[in-house]
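Colleague: Could you take one part of this model and walk me through it slowly? I am new to reading structures, so please explain the terms as you go.

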Amino acid sequence: MMRSTEDWISQYQEKGAFWLHDGNPKRPHALLTRGKHSSGFFDSELVMEDSILLDEATSDLVLLLQKRDINLNNVDRVLGPSMGAITLAHDISRHIGHNCFNHVLRAYAEKETNGNSKTMVFKRTVIRTGEHVLVVDDVLTTGDSVGLTVTAVINAGGIVMPFIAVLVNRSGLKEVDGRKIIALIDHSMPKWMPVECPLCKEGSEAIRPKEMENWARLNASY
């Protein structure tokens with residue numbers, strides 16, 4: 001039986017992969033990739049490292065796509081931004097292949113920075129002209145990485161499917177570049193610019209949550 005959003009949030013909690021700030025100013029808070037701050041964070045890596053649980057998650061996500069009457073038979077390749085979505089793209093491509101009895105490839109895009117300009121490029125994988133590509137991500141926070149990935153696929157000659165599949169959508173968005181977001185967990189969480197951050201004003205330090213030492217600090221007793 002497919003798990004609900006609430007069930008998957010419970011799974012993240014059991015894995016220690018869902019964190020919320022308790023208001024204690026001694027406790028750090030999350031510094032997100034694009035520089036904003038937050039009082040909560042989902043770390044999908046702690047779920048994806050469990051191959052059995054990831055298999056269940058990607059199975060449910062593919063079933064969710066099918067329940068939305070989305071035709072997956074046309075998907076040629078599943079692709080996500082590195083590093084977080086590489087394993088996810090692999091498992092989703094496998095489930096689509098098994099469910100639809102077609103051969104589905106996987107790929108990933110990598111970030112490249114040129115001055116103030118950021119793009120996604122294909123260094124180790126390729127997109128072939130005319131391929132129908134499903135873009136996926138482990139956690140959608142701002143949609144920026146997914147948007148850059150969509151652009152990279154189009155520039156490479158691929159055809160991006162009209163939906164984005166993610167494990168966790170914490171962005172509050174319903175679409176990215178006109179493509180509907182389909183998520184196992186749809187749970188909006190606050191984001192602030194540093195000058196607006198209420199936790200900073202209380203003296204809490206902003207740290208990168210994905211670093212193991214920092215994740216331990218976020219979850220420590222204070």
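Modeller: Here is a close look at strand 11 and its surroundings.

A word on the source: this is a predicted model, where local features need pLDDT of at least 70 and side-chain atom pairs count only at pLDDT 80 or more, while totals for chains, interfaces and linings use all residues. Residues are numbered from 1 along each chain as its sequence is written, and side-chain values use heavy atoms, with hydrogens and water left out.

Strand 11 covers residues 179–186. Strands here are DSSP runs of E with at least two residues, numbered from the N terminus. Of the 8 residues in strand 11, 6 are buried, so the strand is mostly covered. Buried means under 20% relative accessible area, exposed means over 50%, and partly exposed lies in between, using a 1.4 Å probe and protein chains only.

Now for the neighbours. Two strands pair if DSSP finds at least two bridges between them. Strand 9 (residues 159–169) runs parallel to strand 11, and 6 bridges join them. Within strand 11, Ile-182 sits opposite Ala-165. Strand 10 (residues 175–176) pairs with strand 11 too, in the antiparallel sense and over 2 bridges. There, Arg-179 of strand 11 faces Val-176.

Strand 10 and strand 11 form a hairpin with 2 residues between the strands. Asp-177 lies in that loop and has a positive phi of about 50 degrees, although it is not a glycine. Most residues other than glycine have a negative phi. Asp-177 counts as partly exposed because its relative accessible area is 48%.

Back in strand 11, look at Lys-180. Is Lys-180 buried, partly exposed or exposed? Its relative accessibility is 41%, which means that Lys-180 is partly exposed. Lys-180 also belongs to a positive surface patch, together with Lys-67, Arg-68 and Lys-174. Patches are made of residues with over 30% relative accessible area and no salt bridge, and like charges are joined within 9 Å. A salt bridge is a side-chain nitrogen of Lys or Arg within 4 Å of a carboxyl oxygen of Asp or Glu. Lys and Arg count as positive, with the charge placed at NZ of Lys or CZ of Arg.

One more residue is worth finding by its number: Asp-69, in the loop between helix 3 (51–67) and strand 5. Asp-69 has a positive phi near 60 degrees, and it counts as exposed because its relative accessibility is 75%.

Methods:
Patches are made of residues with over 30% relative accessible area and no salt bridge: like charges are joined within 9 Å, nonpolar side chains (Val, Leu, Ile, Met, Phe, Trp, Tyr) within 5 Å. Accessible areas come from the Shrake-Rupley method with a 1.4 Å probe; for residues, only the protein chains shown count as cover. Helices (H or I, at least four residues) and strands (E, at least two) are DSSP runs, numbered from the N terminus.
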